[in-house]
Amino acid sequence: ALTVFNPETGAEEASEGYETPAMPVALTVGSGADQFFGCAPIGSRIVMALPASQSGSAAVWVLDVLGTTPAAAWGDDVKPVEGMPTVVLAENGAPEITIPEGDAPTEVELSTLKRGDGPVVESGDTVLVQYTGVRWSDGETFDSSWDSGAPASFPTTGVVAGFQQALEGQTVGSQVLVVIPPAFGYGTEGNEEHELFDQTLVFVVDILATQSAPQPAG
């Protein structure tokens, strides 16, 4: 949780995370946040005085370390669905996906591999996830947060339809396997230049946190 103050007037400029949890901050080495939180125990309160820069005016931040979030799904294992791609996890939780023989499905197919005990992801929420995506055609990985070194954050309405279906209605802590045909991914026409055009995609998604979309005033 955090509160931001104007250092000249003492006025409060922003506050979040006290009533509704804020999105977790990744503490990878070199992320910037690691210099403030890297050795801070849960329950710490940290005060930072930040000078003015090209990106913003001077500010005083008060930060409360309320907890930590695992970097991989922690829910209970669920029996895999027969006929879906198979998933094997590395020690750090990164998935290895194997495509089954046969034709790709023509509709979105979902399988919950781990069922978490956290809040339900609602439409428009911003989520924090780990994910790996492979092509059905050759099983090759085309994108992975595990390879980039940190979870990704985005609104559920900011991704392709099939990925959105894999997120909404799931609980935080869950791991979801989803097969996305082109019609629910990057299309079968009008998007020919995209590298994933007309491709069936397979994702394994670990849902680490969710934050509700701001509600309009009034």
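This report walks through the fold, the salt bridges, two hairpins and a charged surface patch of one protein chain.

## The big picture

Keep in mind that you're looking at a predicted model. The protein chain has 218 residues, and 40% of them count as buried. Its secondary structure comes to three helices and 13 strands. If you lay the C-alpha trace along its principal axes, it spans about 65 × 40 × 40 Å.

## Salt bridges

The count of salt bridges comes to three. Here they are side by side.

| Basic residue | Acidic residue | Closest N and O atoms |
|---|---|---|
| Arginine 45 | Aspartate 64 | 2.6 Å |
| Lysine 114 | Aspartate 77 | 2.6 Å |
| Arginine 135 | Glutamate 195 | 3.6 Å |

Let's take them one by one. The side chains of arginine 45 and aspartate 64 meet in a salt bridge at 2.6 Å, N to O. Arginine 45 sits in strand S3 (residues 45-50) and aspartate 64 in strand S4 (residues 59-64), so this pair ties together parts that are 19 residues apart in sequence. Is arginine 45 buried or exposed? Arginine 45 is exposed, because its relative accessible area is 58%, and the cut-off for exposed is over 50%. Aspartate 64 is another story: at 14% relative accessibility, aspartate 64 counts as buried, since buried means under 20%.

Next up is the salt bridge between aspartate 77 and lysine 114, with the closest N and O atoms 2.6 Å apart. This pair links distant parts of the chain, with aspartate 77 in strand S5 (residues 76-77) and lysine 114 in strand S8 (residues 109-115), 37 residues apart. Here aspartate 77 is exposed, at 63% relative accessibility, whereas lysine 114 is buried, at 14%.

The remaining salt bridge joins arginine 135 and glutamate 195, whose closest N and O atoms are 3.6 Å apart. How many residues separate the two along the chain? They are 60 residues apart, with arginine 135 in strand S9 (residues 126-135) and glutamate 195 in the loop between S12 and S13. Arginine 135 counts as buried at 16% relative accessibility, while glutamate 195 counts as exposed at 55%.

## Two hairpins

Now for some strand pairing. Strand S6 (residues 86-89) and strand S7 (residues 95-98) pair in the antiparallel sense, over four bridges. One residue to look for is valine 88, whose bridge partner in S7 is glutamate 96. S6 and S7 form a hairpin with five residues between them. In the turn you'll find glycine 93, with a positive phi of about 100°.

Threonine 98 also lies in strand S7. Threonine 98 is partly exposed, with a relative accessible area of 42%. Its C-alpha atom is separated by 5.5 Å from that of proline 85, although the two residues are 13 apart along the chain.

The other hairpin involves S9, the strand that holds arginine 135. S9 pairs with strand S10 (residues 141-144) in the antiparallel sense, over three bridges. Threonine 132 has serine 144 as its bridge partner in S10. Five residues lie between S9 and S10 in this hairpin, and glycine 139 in the turn has a positive phi of about 75°.

## A negative patch and its loop

Which residues form the negative surface patch? They are Glu189, Glu192, Glu193 and Asp198. Let's look at some of them more closely.

Glutamate 193 lies in the loop between strand S12 (175-180) and strand S13 (201-211). At 83% relative accessibility, glutamate 193 counts as exposed. Glutamate 192 is in the loop between S12 and S13 too, and it is exposed at 52% relative accessibility. The C-alpha atoms of glutamate 192 and serine 174 are separated by 34 Å, with the two residues 18 apart along the chain.

Aspartate 198 also has its place in the loop between S12 and S13. Aspartate 198 is partly exposed, with a relative accessible area of 44%. There's something else to spot here. Most residues other than glycine have a negative phi. Aspartate 198 has a positive phi of about 60°, although it is not a glycine.

Conventions
Residues are numbered from 1 along each chain as its sequence is written. This is a predicted model: local features need pLDDT of at least 70, side-chain atom pairs count only at pLDDT 80 or more; totals for chains, interfaces and linings use all residues. Side-chain values use heavy atoms; hydrogens and water are left out. Patches are made of residues with over 30% relative accessible area and no salt bridge: like charges are joined within 9 Å, nonpolar side chains (Val, Leu, Ile, Met, Phe, Trp, Tyr) within 5 Å. Accessible areas come from the Shrake-Rupley method with a 1.4 Å probe; for residues, only the protein chains shown count as cover. A salt bridge is a side-chain nitrogen of Lys or Arg within 4 Å of a carboxyl oxygen of Asp or Glu. Lys and Arg count as positive and Asp and Glu as negative; His and the chain ends are not counted. The place of a charge is taken as NZ of Lys, CZ of Arg, CG of Asp or CD of Glu. Buried means under 20% relative accessible area, exposed over 50%, partly exposed in between (1.4 Å probe, protein chains only). Two strands pair if DSSP finds at least two bridges between them.
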